[in-house]
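Me: I am new to this structure and would like a close look at a single part of it. Please start from the open space in the protein and follow it, step by step, into the surroundings.

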Amino acid sequence: MRRLVLPVLAALCLTAWATAFFLIRAQPSANDIQIPTLMVLPSLTPTETVTPTLPPTLTATATATIAPTDTPVPTLLPTLSERVLEIAVVLPGVYVPPTLTPFPPGTILLPAPPNPIEPLPDGTDTAPPFFGWYSFSPDYPTIRYSPPWTPRLSQFASRGQYHRTEGAYDTATFMFEGEGLRVRYVAAQNMGRFEIVVDGAVLDTIDAYADELRFPVTDVYYIGSGTHRLELGVGQKNNASRRLRDRAGHD
């Protein structure tokens, strides 16, 4: 029995070793293993290619700018598309007739009497108060001459006469109530300069020199309503005057 077992065990061992050897030999080697690979098959339809984008960075990049080709030229006149500063003022000496159209906001109206229209009514023949423009002749009772001026007759002067002086710095004063005045004076070759002073302020300096005898009139001076003091003061003579002493004439 012991002899029979040993051959059987030996046969089984050989069988097991033969089987194991067969299995080992039956497995493919590492060189024979086929690893599957990706294949790209041709396609008739084009596919979109994904393009990688760069993440935003904080690095400043140069930006192209368009240089202006035409230089704007400022215009002297405003256009209708913009509002400009607008100031409306009625200057002294400008008569504004009544109107139903209201003045624009910001308009400043300066009260001024209308311009005198010749012939003016004579204040000597009218008792005060006076309304409007009046003419006062050189012999009006309230006119004061210091020292007295010499009256001269002339058909072209007010009421046929005017007053003159040959003294330097002589004055003639007139107190009146009103808001405007003008002075008619004598101009000739022997006349000099004189000042028009109202309430102590010099309004104008008149040169009474002329090539021939004339009776011009000054501009209109607007001084505001109220009582005023007019003073005519003789000043320097004109260099072309025939006399060395100053002279002035008042009509």
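Reply: The largest pocket has a volume of about 1100 Å³, where a volume is the space filled by probe spheres set on grid points that are joined across faces, edges and corners. A pocket here is an open set of points on a 1 Å grid over the protein atoms alone, where a 1.4 Å probe fits and protein lies on both sides within 12 Å along at least five of seven lines, and a lining residue has an atom within 4 Å of a point. The model is predicted, so local features need pLDDT of at least 70 and side-chain atom pairs count only at pLDDT 80 or more, while totals for chains, interfaces and linings use all residues. Residues are numbered from 1 along each chain as its sequence is written, and side-chain values use heavy atoms, with hydrogens and water left out.

Of the 38 residues that line this largest pocket, Trp133, Tyr134, Ser135, Phe136 and Phe174 are the closest to its centre. The elements that give two or more residues to the lining are β6 (171-177), β7 (180-181) and β12, and β6 gives the most, with six residues; strands are DSSP runs (E, at least two residues) numbered from the N terminus. By residue type, the lining divides into 21 nonpolar, nine polar and eight charged, where Ala, Val, Leu, Ile, Met, Phe, Trp, Tyr, Cys and Pro count as nonpolar, Asp, Glu, Lys and Arg as charged, and the others, Gly among them, as polar.

From the lining, β6 and β12 lead into an open sheet of five strands, in the order β3-β6-β12-β9-β10 with antiparallel pairing; two strands pair if DSSP finds at least two bridges between them. Because β3 (143-146) and β10 (201-207) stand at the edges, each with a single partner strand, one side of each is left without a neighbour in the sheet. From one strand to the next the twist averages 20°, with axes taken as lines fitted to C-alpha atoms and angles running from 0 to 180 degrees between N-to-C directions.

Within this sheet, five bridges join β9 to the antiparallel strand β12 (residues 227-234), and Glu195 stands opposite Gly233 in β12. Strand β9 (residues 193-198) is also joined to β10, again antiparallel, by six bridges. Here Val198 stands opposite Ala201, and Val197 stands opposite Val202. Two residues separate β9 and β10 in a hairpin, and Asp199 in the turn has a positive phi of about 55°.

Methods: Helices (H or I, at least four residues) and strands (E, at least two) are DSSP runs, numbered from the N terminus.
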